[in-house]
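Reader: I would like to learn how to read a model of this kind feature by feature, from the sheets down to single residues. Could you take me through one?

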Amino acid sequence: MTQVKKEIGLPFSIFKEQVNNDLKEILRNIPSEKRYITAPKYLINYVARSFDFSSINANLVSIDSIKPSDNQVVLIVVTPSERSNVELVLDKFQLVPNYVKVLLLIPRITALVQQTFENRNLKMVKSPSAFPKTDIIVHEFHADFFPVDEDYFLLPCHKSFFQINAENDFNDLYASARALAKIQTVFGVIPNILTVGNAGERVRDLMRGIMSQAGSLTSQAPQIDSLLIFDRTADIVTPLCSQSTFEGLVDEFFGINFGITSPSEDAEVIFSEKQELIAEMRGQLFEKVHQTIEERVREYGKYEDPEYQEQIRKADIAEFKKLMLHMKYLINEKKFFVKVQNLAEKLVKEATKTPLFVSLRNAELNLLAANSSVMPMAEHFMLLLNDWKTAMRLILLEAAVGHKLRKDLINQELIDQYGESAKNTIKTLDRLHLLSTQQSNYMKQWRSINESLGLVMADDNICKMCDQVVPLSVRLVQKATQGDWPGNWGKIFAKSNMPLSVEGQPPPPVEGKLRRLLIFFIGGVTLSEVAFIRNLGKEIFDGKIQYVIGSTDQINADSFTEQLCPGLFDA
């Protein structure tokens, strides 16, 4: 049988080089002394990992560190052109009237940004002026996405599900289309495009338009066979459920921001497929993590055992060389292993002290599998633990799978607890048909979709891999890979007014050649979804399929609940 060459992903470093070259060109006419770069808090790791600071003679600072000052320095701020971020940046600029202020907007200057400048009596300029208080140097900046890993990338979007579906702000759709078009200018035009949801179709059409205007920069054969664009509105059940993988739970408890988690100041861990230990552990189910750590501890202990050392000395040359190379690897990895070990131990402690951690997961599973209401548990979190965020997450999960809820009672509870702050949440949930007298057809059909695709407690390896609950995205990736699109299962989506589409055909498979599919999420992706899709290629398809996953942003149960309930749980 022909072996398929193992590859990690795509060489995304080419885009990072281009971003740094673009930045150097923008800063060419900006004073080079005392330069500082910052970004909205959620985006700081995006900037930190994207830029070569030594080559632009700049220092990275926190946006919170910007205080009133009459000094004269250069302040460069990178942000998407989303309203709240732009308002935040302009508020900060007011504190430093004498600074040379540079605003880099990803991916473009929008009409909303222009209006915001006009409302504040500010002027957009392209180079330093004699009036730094009101003249802001503004450039479009095409740092369209950041490769968190060589098979995973994120756009700099913020709360994109809320922006698109509640605010009707479609800039993130344009940003998505632009990023997907840019990837194809380098890696070839993808011949097979599949979409789920209205936003998927809109991004596909925008992408086609951008590509037709720009043209392709390469005539090579496409390195990606198929593109699946997944609209998060097709599945809000997954991000409302507890995650079950090691990396997903780290994100839930400590946060992972563009690949970096920092559960404490001295314990930063970067999640990367290049790290063998992370590649092994990140997609493991929670209960298996301790076993992996224990096995690695025993392995370290083995090399310190005099009897094993004697066995090494007596081994033949080939075996001796193999064992010594492995020992060298373990020694070099030891410091990083201790960091991951400490992270795993902290995760266990946090999970152990979290109220009803196991019961919560079981209640979610019973709702999905047996239609058992989670409302009693939601009331427990609300009344006894005063944890309204978890309570609301459970209530919204129940609504998402088609249960009819007493909208008036829940709305009154929110008003009693949060007063005026609850009104925006009530309006948002009504617009999304989550607490509405008119449920969406898709929510009404969730049970049928579950039965048709085997999402919960199905008797197959994918369901076992996903801890008995297969995210809809993972099942659809499986179907797309197998060429079953839309198949008989697609009929239920038609009934629920959730459009599916397909354009073109993937190239015929070549024996020994890796097939590569790009999966892109509009409205956010959970790290458990990323892990399951990654494992789908590694385990279910025996490494013959590689998935590259991208998204507007990364979400978890907490952050997604905050988007659905704007203003209630903001820090």
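Author: What follows goes from domains to sheets, then to a helix, and then to single residues and peptide bonds. Please keep in mind throughout that this is a predicted model.

Reader: Into which domains is the protein chain divided?

Author: The assignment gives domain 1 (12-143), domain 2 (144-236 + 455-570), domain 3 (271-353) and domain 4 (357-442), so that domain 2 is written as two segments. Between the centres of domain 1 and domain 4, taken over C-alpha atoms, the separation is 40 Å.

Reader: How should I read a sheet, and in what order do the six strands of the open sheet stand?

Author: As a general idea, strands of a sheet pair through backbone hydrogen bonds, and the pairing is either parallel or antiparallel. Here six strands make an open sheet with the order E2-E1-E3-E4-E6-E5, and their pairing is parallel. At the edges stand strand E2 (58-60) and strand E5 (123-125), and because each has a single partner strand, one side of each is left without a neighbour in the sheet. From one strand to the next, the twist averages 30°.

Reader: How many bridges join strand E1 to strand E3, and what stands opposite Arg35?

Author: Strand E1 (residues 35-38) and strand E3 (residues 74-80) run parallel and are joined by four bridges. Opposite Arg35 stands Val74 in E3.

Reader: Which strands does helix H5 lie across?

Author: Helix H5 (residues 111-119) lies across strand E4 (100-106), E5 and strand E6 (135-140), and with respect to E5 the helix runs at about 120°. The loop between E4 and H5 is also the place of Pro107, and the peptide bond that leads from Ile106 to Pro107 is cis, with omega near -10°.

Reader: Where else is there a cis peptide bond?

Author: Trp485 and Pro486 are joined by a cis peptide bond too, for which omega is about -5°. Pro486 is found in the loop between helix H23 (472-481) and helix H24 (490-495).

Reader: What is the strand order in the sheet of seven strands, and what is its pairing?

Author: The seven strands form an open sheet in the order E7-E8-E15-E14-E10-E9-E13, and in this case the pairing is mixed. Strand E7 (146-149) and strand E13 (500-503) are at the edges, each with a single partner strand, so one side of each has no neighbour in the sheet. On average, and with direction ignored, neighbouring strands of this sheet are turned by 20° against each other. Helix H7 (residues 171-187) packs on the sheet, where H7 touches strand E8 (152-154), E10 and strand E14 (515-522), and the direction of H7 makes about 165° with that of E14. Within the sheet, strand E9 (residues 192-196) and strand E10 (residues 226-231) run parallel and are joined by five bridges, with Thr195 standing opposite Ile229 in E10.

Reader: How do I read the two sides of a helix, and which residues of helix H16 are buried?

Author: The idea is to see where the buried residues lie around the axis. In helix H16 (residues 375-383), the buried residues are Met377, Ala378, Phe381 and Met382. Because they cover an arc of only 140° around the axis, they are on the same side of H16. The face turned away from that buried side carries the exposed residues Pro376 and Leu383. Among the elements that cover the buried residues of H16 are helix H15 (357-370), helix H17 (388-400) and helix H18 (407-418).

Reader: Now a single residue: is Gln554 buried or exposed?

Author: Gln554 counts as buried because its relative accessibility is 18%, and the cut-off for buried is under 20%. Gln554 lies in the loop between strand E15 (545-551) and helix H26 (557-564). Its side chain makes a polar contact of 2.7 Å with the side chain of Tyr152, and the side chain of Gln554 also reaches the backbone oxygen of Ile256 at 2.9 Å. Beyond neighbours within four places in sequence, Gln554 is in contact with residues including Leu154, Asp251, Val525, Leu527 and Ser559.

Reader: Which value of phi does Lys159 have, and what is phi for Asn497?

Author: For Lys159, which is not a glycine, phi is positive and near 55°. Lys159 lies in the loop between E8 and helix H6 (160-165), and is partly exposed, with a relative accessible area of 28%. Asn497, again not a glycine, has a positive phi of about 60°. The loop between H24 and E13 holds Asn497, which counts as exposed at 52% relative accessibility.

Note on methods:
Residues are numbered from 1 along each chain as its sequence is written. This is a predicted model: local features need pLDDT of at least 70, side-chain atom pairs count only at pLDDT 80 or more; totals for chains, interfaces and linings use all residues. Side-chain values use heavy atoms; hydrogens and water are left out. Two strands pair if DSSP finds at least two bridges between them. Axes are lines fitted to C-alpha atoms, for helices over the stretch in contact, and angles run from 0 to 180 degrees between N-to-C directions. Contact means heavy atoms within 4.5 Å. Buried means under 20% relative accessible area, exposed over 50%, partly exposed in between (1.4 Å probe, protein chains only). A polar contact is a pair of N or O atoms within 3.5 Å; within protein, one must be able to donate a hydrogen and the other to accept it, and residues adjacent in sequence count only if both atoms are side-chain atoms. The arc is that of the directions from the helix axis to the C-beta atoms.
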